[in-house]
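Pull up the model and let's take a walk through it together. We'll hop on partway along the chain and work outwards from there.

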Amino acid sequence: MKERMIEITCPVCGHVFQIKRDTLAIAGISDTIEKRLKDGTYFQHVCSKCHHLFTMIYPFVFRDAQKKTSLVLSQQPTIKGFDQEEKVIRCKDADSFLLAYQALAQDLRLSFLIRKQKQWRKIWPNASFESYDQEHHCLWLRVQGEWKAARLTKEEEQELKTIV
Ligand SMILES: [Zn+2]
């Protein structure tokens, strides 16, 4: 939806190129995009010149109409054009956008996940939250392609499920 040509610069070799990307995705409609937001690969790109994998940054909005929530990836200081009733979550980079997406899609409290992810990254710098496992009372995270489980206390689990 809403495709646009975007100018991207490879952070490794400086190669500048144009790429066609969606700038808006809608929950329940943009299935292919959601699949790649879920597995964390949506903003990744392999440079055609130096073949390094890197994360692209460009203006992008994910909207869940039912939950009246929009996730906005933007480096602009202010964002306009949203309804007063809309909950707008601003993310300054792809990494925080992906975490906000997981929280929204799984109905989890974002501030809790941000705090947890920060703790994990003190031990594993690339740890990223993947999913909440209600049955085993833990959170699953990915560390360099491997899965790890982080057990939750009863209190933590309660906090995780309380959306404010
Ligand atoms: Zn490159």
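Start at Asp107, which comes after helix H2 and has a positive phi, near 55°. Keep in mind as you look around that this is a predicted model.

Now step back into H2 itself, which covers residues 94-105. Its length is easy to check: at 1.5 Å a residue, its 12 residues should span 16 Å, and the end C-alpha atoms are indeed 16 Å apart, so expectation and model agree. What's striking when you click along this helix is a run of buried positions: Phe97, Leu98, Leu99, Ala100, Tyr101, Gln102, Ala103 and Leu104. Which elements do those buried residues pack against? On the helical side there are helix H1 (31-38) and H3. On the strand side you'll find strand S6 (60-64), strand S7 (69-73), strand S8 (87-91) and S9.

Two of those partners, H3 and S9, take us to the next stop. S9 belongs to an open sheet of 3 strands, in the order S9-S10-S11, with antiparallel pairing. The edges are strand S9 (128-133) and strand S11 (146-151), each of which pairs on one side only. Neighbouring strands here are turned by 30° against each other on average, ignoring direction. Zoom in on S9 and strand S10 (residues 138-143) and you can count 5 bridges holding to the antiparallel sense; for a handy landmark, look for Ser131, which stands opposite Trp140 in S10. Helix H3 (residues 110-123) lies across S9, S10 and S11, and runs at about 125° to S9.

The loops of this sheet deserve a look too. Between S9 and S10 sits His137, with a positive phi of about 50° even though it isn't a glycine. Is His137 buried or exposed? Neither, quite: it counts as partly exposed, because 14 other C-beta atoms lie within 10 Å of its own, and the buried class takes 20 or more while the exposed class takes 12 or fewer. The next loop, between S10 and S11, holds Gln144. Gln144 is another residue other than glycine with a positive phi, near 50°. Gln144 has 8 other C-beta atoms within 10 Å, so it is exposed.

Over at the N-terminal part of the chain there's another antiparallel pair to enjoy. Strand S1 (residues 3-9) and strand S2 (residues 16-22) are joined over 7 bridges, with Thr9 standing opposite Val16 in S2. S1 and S2 make a hairpin with 6 residues between them. In that turn, Gly14 shows a positive phi of about 85°.

Finally, zoom all the way out. The protein has 4 helices and 11 strands, and its C-alpha atoms fill a box of roughly 50 × 40 × 30 Å along the principal axes. How does its radius of gyration compare with that of a compact globule? For 164 residues, such a globule would come in near 15 Å; the protein has 17 Å, which agrees. Of those 164 residues, 17% count as buried. As for contacts with a separation of 6 or more, 38% of them are accounted for by residues 24 or more positions apart.

Key
Residues numbered from 1 in each chain as written. Predicted model: local features only at pLDDT ≥ 70, side-chain atom pairs only at ≥ 80, totals over all residues. Pairing = 2+ DSSP bridges. Helix = DSSP H or I, 4+ residues; strand = E, 2+ residues; numbered from the N terminus. Axes fitted to C-alpha atoms, helices over the stretch in contact; angles between N-to-C directions. Contact = placed C-beta atoms within 7 Å. Rg over C-alpha atoms; globule rule 2.2 N^0.38 Å. Expected span 1.5 Å × (residues − 1).
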